[in-house]
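Let's take a walk through a protein model together. Have a look at the picture first, turn it around a bit, and then read on.

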Amino acid sequence: MAYYQHPLDVTALPTWKALQEHRASLQSFSMREAFNKDAQRFDHLSLSSCGLFLDYSKNLITLETRDLLVSLAKECGLEQAIRAQFDGEPINASEARPALHTALRRPIGDTVMVNGSDVMPEVQRVLHRMTELVGRVHDGLWRGYSEKPITDVVNIGIGGSFLGPQLVSEALLPFAQRGVRCHYLANIDGSSFHELAAKLRAETTLFIVSSKSFSTLETLKNAQAARSWYLAQGGSEAELYRHFIAVSSNTQAAVAFGIHEENVFPMWDWVGGRYSLWSAIGLPIAMSIGMSNFKELLSGAYSMDEHFQSAPFEQNMPVLLALLGIWYGNFWGAQSQAILPYDHYLRNITKHLQQLDMESNGKSVLQDGQPVACATGPVIWGGVGCNGQHAYHQLLHQGTQLIPADFIVPVVSYNPVADHHQWLYANCLSQSQALMLGKTREEAETELRSQGLSEAEVQRLAPHKVIPGNRPSNTLVLERISPRRLGSLVAMYEHKVFAQSAIWGINAFDQWGVELGKDLGKSVYSRLVGSDTKPAEDASTQGLIEFFRGRHRG
């Protein structure tokens with residue numbers, strides 16, 4: 001079956017040209033005026049689906065803009081691309097693979113064919129195995145070498161084997177099961193392992209080693225450190241299987257490490273790491289929140305999958321967000337996007353979305369290998385909203401760059417303290433409002449005069465008080481963060497990223513740039529330890545190697 005391939009250079013399409021002309025006509029567009037002229041603007045530019053409410057009315061768009069962007073998506077063949085993804089076509093062209101993370105959340109009875117075989121029975125088998133394992137741990141039936149039940153689960157992984165599970169287990173902490181604490185170990189820095197090990201007891205700790213190849217450097221080094229620590233704390237080789245399980249496609253290497261074969265959970269090459277939290281990579285999530293809540297997470301993602309496939313583009317959340325990103329990146333010159341969660345439990349969503357977006361769409365060639373003709377993925381950054389207000393929001397409001405922002409906020413807090421949540425929600429709304437409204441010179445002068453300042457002082461200070469406004473943002477509201485709604489939210493961003501890649505004609509599912517650094521790291525390491533005496537390829541690297549070796553000799 002042929003993979004979906006972008007038909008043309010997107011910048012050569014008629015709708016792209018029409019959008020360029022339309023952008024020029026909006027040079028003096030004012031969101032303030034747009035709201036004043038159209039009492040229905042909020043109603044026209046907002047929608048609700050899958051437990052999420054999206055307000056995208058504070059954007060530099062008109063209804064004509066939306067129609068033109070939707071036309072671009074259709075002209076690029078986005079509808080066909082979506083079908084190709086869900087049908088299991090090898091849309092990861094450079095690796096000749098499907099990208100079928102969506103199959104992981106489909107219900108029992110569905111059929112998804114890959115190379116002539118239905119993958120759904122195996123997906124369901126793994127879910128059943130996860131259910132059994134999680135049940136045994138939570139019921140105290142899985143015991144360590146001293147016959148004490150497991151109290152701590154440590155996930156050893158990096159990238160997609162770490163960021164997604166960490167985000168979800170932290171975001172759903174109110175749903176955590178008593179008796180089992182989850183921890184994450186990713187960084188190869190020894191300090192990270194040292195700090196974590198100080199909190200644990202080997203006899204009641206279970207390690208999950210998550211690595212498709214069982215050879216990822218950081219993961220393998222941390223797994224070896226965990227093994228040495230376990231043995232030093234009184235564990236034995238014979239009982240190692242009680243304390244280590246694996247998620248990997250390399251069963252042989254995991255067994256050689258000391259993990260029983262029945263405790264190795266599979267990974268499939270049609271699931272990319274940054275899209276893998278829905279698979280057995282999500283075991284630490286399930287260990288934390290329980291299997292029924294994990295299945296609710298899958299269900300929420302599935303509802304967004306259905307929405308993405310069936311909703312008209314004008315009412316399709318992932319597609320609209322994708323198109324707005326293209327509008328700002330390709331027609332307004334924006335180079336980054338801020339993700340601003342107003343919720344402590346969502347504090348790490350920005351890290352996950354950084355990898356999801358930047359590793360997927362940080363590409364400079366089309367699916368057929370030709371250079372792209374326009375900007376692709378933006379820099380994703382941000383953090384917890386209220387903290388950011390006292391740090392980098394200044395640049396959002398008065399800086400020279402246009403930086404679109406996504407505000408994410410729940411209506412209900414799990415931990416209400418006095419009127420804190422009302423203030424949190426108010427801060428979220430007021431920041432998006434301030435970005436849109438700004439403060440004119442006239443308003444700044446009036447404000448300063450009301451403070452009794454002299455006219456000379458008014459004129460001196462007024463330029464510093466002017467805030468341009470007209471800065472775009474989206475606001476995503478959840479009633480509360482639940483497994484189902486979080487599943488929808490994360491899947492929405494997955495589909496947004498894919499929709500953008502399909503419009504640009506790039507491959508969102510490979511990451512060759514990641515591989516180069518890994519390969520060079522091996523040669524640098526061999527020179528650091530003296531096993532390779534040849535000089536490095538460049539004088540800078542060689543000088544830094546010699547600096548390191550000189551200090552270690554001293």
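Before we start, a word on names: helices (H or I, at least four residues) and strands (E, at least two) are DSSP runs, numbered from the N terminus. One more idea helps: the expected span of a helix is 1.5 Å times one less than its number of residues. This is a predicted model, so local features need pLDDT of at least 70 and side-chain atom pairs count only at pLDDT 80 or more, while totals for chains, interfaces and linings use all residues. Residues are numbered from 1 along each chain as its sequence is written, and side-chain values use heavy atoms, with hydrogens and water left out.

Now try that on helix 12, residues 291-310. With 20 residues, helix 12 covers 29 Å from its first C-alpha to its last, close to the 28 Å expected at 1.5 Å a residue. Which of its residues are buried? Buried means under 20% relative accessible area, exposed means over 50%, and partly exposed is in between (1.4 Å probe, protein chains only). The buried set in helix 12 includes Met291, Phe294, Leu297, Leu298, Ala301, Met304, Asp305 and Phe308. Here's a handy rule: an α-helix has 3.6 residues a turn, so residues three or four places apart point the same way.

Next door you'll find helix 13, residues 317-331. The axes of helix 12 and helix 13 come within 7 Å and cross at roughly 70°. Axes here are lines fitted to C-alpha atoms, for helices over the stretch in contact, and angles run from 0 to 180 degrees between N-to-C directions. Angles under 35 degrees count as roughly parallel, over 145 as roughly antiparallel, 65 to 115 as roughly perpendicular and the rest as oblique. Helix 12 and helix 13 are therefore roughly perpendicular to each other. Where do they touch? Met304, His307 and Phe308 of helix 12 meet Met317, Pro318 and Val319 of helix 13, contact being heavy atoms within 4.5 Å.

Let's go inside. A nonpolar core is a set of buried Ala, Val, Leu, Ile, Met, Phe, Trp, Tyr and Cys residues joined through side-chain atoms within 4.5 Å. The largest one here has 120 residues, and Met130, Trp270 and Trp327 have the most contacts inside it. Helix 20, residues 483-504, gives this core its largest share, twelve residues. A second, separate core has 22 residues, among them Val154, Ile156, Ala223 and Ala246. Back to Trp270: leaving aside neighbours within four places in sequence, its contacts include Pro98, Leu100, His101, Val114 and Val123.

Helix 20 deserves a closer look. Its 22 residues reach 32 Å from first C-alpha to last, close to the 32 Å expected at 1.5 Å a residue. Of those 22 residues, 21 are buried, so helix 20 is largely enclosed by the rest of the structure. Right after helix 20 comes Gly505, with a positive phi near 85°.

On to the sheets. Two strands pair if DSSP finds at least two bridges between them. One open sheet has five strands in the order 6-5-7-8-9, with parallel pairing. Strand 6 (181-185) and strand 9 (264-265) stand at the edges with a single partner strand each, so one side of each is left without a neighbour in the sheet. Strand 5 (residues 152-156) runs parallel to strand 6, joined by five bridges. Across that pair, Val153 stands opposite Cys182, and Asn155 stands opposite Tyr184. In a regular strand the side chains alternate between the two faces of the sheet. In strand 5, Asp152, Val154 and Ile156 point one way and Val153 and Asn155 the other, and all are buried. Helix 8 (residues 190-197) lies across strand 5 and strand 6, running at about 165° to strand 6.

The other sheet is open too, with six strands in the order 1-2-13-12-10-11 and mixed pairing. Its edges are strand 1 (46-49) and strand 11 (379-382), each with a single partner strand, so one side of each has no neighbour in the sheet. From one strand to the next, the twist averages 20°. Strand 10 (residues 336-341) pairs with strand 11 in the parallel sense over four bridges, and Ala338 has Trp381 in strand 11 as its bridge partner.
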